[in-house]
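Let's take a walk through this protein together. Please keep the sequence and the coordinates at hand as you read.

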Amino acid sequence: MAASKGRRLLWHGRCWFSQTESAVPPQPPDSLYPPVVASATAKSKAAKRRRLEHFNQRVHAAASIEEKLRLYGQLQRPKYMVYPQTFALNADRWYRSFTKTVFVPGLPPRAAPAAAKAPGAVTPEAAKAPEGAAGAAPQAAKAPEPGTAAPGAAKTSAGTGPYLDMGELRSLACDALLQESFYQNKKRPFLYRDQDHTPGPFLTQLVSTLAAFLCGRNPLLAASSLDLKPEVNYYWHHGEEVVVHGHRKGRVDPVRFQIDDHPHLQIRVPKQLPEFVSLESDLGDVPVIDHKPSKLPLFKKQYENKVFIGSKVADPCCYGHTQFHLIPDKLKRERFVRANLEDQIEVVYRANGIASLFAWTAAQAMYQGFWSEADVTRPFVSQAVVTDGKYFAFFCYQLNTLALTVETIQNNPRKNICWGTDSKPLYDVVEDGNVKGFNDEVLLQLVRFLLNRPKEL
């Protein structure tokens with residue numbers, strides 16, 4: 001009896017103890033096992049989505065711009081090589097589709113007034129040269145001597161400083177042209193090297209002379225960097241395709257593109273040029289081309305994925321001002337005329353301007369930390385001059401978006417915008433030391449490009 005009574009007390013005690021513990025129930029763990037996620041190496045859509053999310057997290061978490069660019073171009077796959085200077089027919093429409101660019105004929109409406117109000121603007125009276133002055137000898141186009149007055153000389157604007165003398169600008173351009181095409185005794189150029197013989201040195205001399213002459217009126221040029229034959233690269237994704245050959249046959253991959261550009265000259269500046277229109281502006285439609293890029297034709301190659309503006313990330317001149325491209329001898333106008341392809345002459349200029357400016361401006365945006373998954377928050381602006389040494393075409397580009405991948409382009413209404421003009425001759429002919437038919441309008445537009453600068457300057 002005593003034993004049973006003791007057990008009962010112990011049982012009651014145990015019950016009382018258990019009831020006391022149940023007053024605060026323990027919290028069960030959330031999960032004893034890790035979450036179930038898709039395999040990182042499988043071929044399923046969930047696995048592909050997981051790999052993409054992991055890649056985006058790594059790029060977002062990169063500690064520096066250099067590390068972000070390294071991760072962005074780390075995976076090497078065959079990609080289409082886009083050539084800004086191409087023989088392909090109607091290449092400008094394809095390039096607009098690859099880069100989501102709207103082409104607007106003419107120049108931006110704000111570019112000309114902004115340049116005209118600058119301290120170094122050219123007076124309308126000085127820009128209108130007499131007919132005889134355009135075809136006169138360079139001695140007649142020289143700047144007036146100190147202390148003497150000349151027609152069309154520099155005038156003073158109210159509160160902004162002296163205007164430029166168009167006669168002096170014309171003299172600088174004619175001197176550079178005659179130096180390379182008349183005064184020097186050059187040998188006959190090699191085959192397909194005519195552009196390196198006269199037009200190339202003339203363009204170098206013209207741009208460097210005008211930039212040095214105008215840097216007093218544009219402080220941005222005084223702090224700029226002039227690159228001779230630099231390298232510009234940009235790598236991006238746009239669209240999807242099915243892998244046809246190899247061990248990855250049947251998989252869906254993004255369509256990869258790479259531009260490796262080599263402008264003749266480019267000017268980089270430490271401050272960004274002002275925007276032409278707002279970031280969300282819609283000035284037209286982008287061509288939709290459903291064919292594969294290989295039909296253009298474009299060709300694939302696997303090599304380093306590179307994003308480069310012509311200088312390293314640490315360079316203070318990390319923004320683009322103006323590029324100068326020289327049309328190669330294989331794409332000169334006479335060859336298109338002989339082949340009855342006169343309508344393709346301007347296509348060469350437009351394709352060069354669109355592809356080169358997109359690559360340069362997009363690379364500048366990536367140097368500031370933007371990419372396809374972190375789109376730009378402000379427009380990026382660059383300018384370009386495409387020439388064969390005689391005919392000049394002018395282009396302005398505003399980058400409004402980098403989100404061109406299949407995942408980011410669906411809900412992205414932004415479009416990149418490119419303004420451009422048809423090519424016009426700077427002069428007619430050089431005979432007996434005289435420049436005949438000099439076109440002041442082309443020179444004036446070149447000066448306006450060089451005088452473009454941010455509003456605070």
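What follows goes from the pockets to the salt bridges, then to one helix and two single residues.

Before we start, please bear in mind that this is a predicted model.

Let's begin with the open space. The largest pocket holds about 1200 Å³. Its lining is made up of 41 residues, and K48, L52, L75, P254 and R256 are the ones closest to the centre. If you colour the model by secondary structure, you can see where this lining comes from: α2 (45-60), α3 (65-72), β6 (232-242), β7 (252-261) and α14 (406-409) each contribute at least two residues. Helix α2 gives the most, with nine residues. As for chemistry, the lining of the largest pocket splits into 16 nonpolar, eleven polar and 14 charged residues.

Now turn to the second largest pocket, with a volume of about 700 Å³. Here 29 residues form the lining, and those nearest the centre are Q85, L326, I327, P328 and L331. Two or more lining residues come from each of α9 (194-197), β7 and β10 (319-326). Helix α9 has the largest share of this lining, three residues. Strand β7 may sound familiar, since it also supplies at least two residues to the lining of the largest pocket. By class, the second largest pocket is lined by 15 nonpolar, six polar and eight charged residues.

Next come the charges. Side chains of opposite charge can pair when their charged atoms come close. How many salt bridges does a search of the whole structure find? The count is 16, and three of these pairs are worth a visit here.

Start with R268 and D315, whose side chains form a salt bridge with an N to O distance of 3.4 Å. R268 belongs to strand β8 (residues 265-269), while D315 sits in the loop between β9 (299-301) and β10, so this pair ties together parts that are 47 residues apart in sequence. What about their surroundings? R268 has a relative accessibility of 3%, so it counts as buried, whereas D315, at 24%, is partly exposed. The pair also has company: D227, R268 and D315 are linked in a network of salt bridges.

The second pair is D282 and K415, with 3.2 Å between N and O. D282 is in the loop between β8 and β9, and K415 is in the loop between α14 and β13 (416-420), so the salt bridge ties together parts that lie 133 residues apart in sequence. Are the two partners buried or exposed? D282 counts as exposed because its relative accessibility is 51%, and K415 counts as buried because its value is 14%.

The third pair is D329 with K332, where the closest N and O atoms are 3.5 Å apart. D329 is buried, with a relative accessible area of 6%, and K332 is partly exposed at 25%.

Let's now look at a helix we have already met, α3. Which of its residues are buried? They are K68, L69, L71 and Y72. Looking down the axis of α3, you will find these buried residues within an arc of 165 degrees, so they line one face of the helix. The general geometry helps here: an α-helix has 3.6 residues a turn, so residues three or four places apart point the same way. The buried residues of α3 pack against α2, β6 and α13 (345-367). Of these partners, α2 and β6 also each supply at least two residues to the lining of the largest pocket.

Two single residues round off the tour. A223 is found in the loop between α11 (219-222) and β5 (225-228). With a relative accessible area of 40%, A223 is partly exposed. Leaving aside residues up to four places away in sequence, A223 touches P270 and C317. A223 and P270 are 47 residues apart along the chain, and their C-alpha atoms are separated by 7.2 Å.

The other residue is E180, in helix α8 (residues 166-183). Why does E180 count as buried? Its relative accessible area is 9%, and buried means under 20%. Not counting residues up to four places away in sequence, E180 touches K186, T198, P201 and F202.

Key:
Residues are numbered from 1 along each chain as its sequence is written. This is a predicted model: local features need pLDDT of at least 70, side-chain atom pairs count only at pLDDT 80 or more; totals for chains, interfaces and linings use all residues. Side-chain values use heavy atoms; hydrogens and water are left out. On a 1 Å grid over the protein atoms alone, a cavity is a set of points where a 1.4 Å probe fits but cannot get out, and a pocket is an open set with protein on both sides within 12 Å along at least five of seven lines; lining residues have an atom within 4 Å of a point. Grid points are joined across faces, edges and corners, and a volume is the space filled by probe spheres set on the points. Helices (H or I, at least four residues) and strands (E, at least two) are DSSP runs, numbered from the N terminus. Ala, Val, Leu, Ile, Met, Phe, Trp, Tyr, Cys and Pro count as nonpolar, Asp, Glu, Lys and Arg as charged, and the others, Gly among them, as polar. A salt bridge is a side-chain nitrogen of Lys or Arg within 4 Å of a carboxyl oxygen of Asp or Glu. Buried means under 20% relative accessible area, exposed over 50%, partly exposed in between (1.4 Å probe, protein chains only). The arc is that of the directions from the helix axis to the C-beta atoms. Contact means heavy atoms within 4.5 Å.
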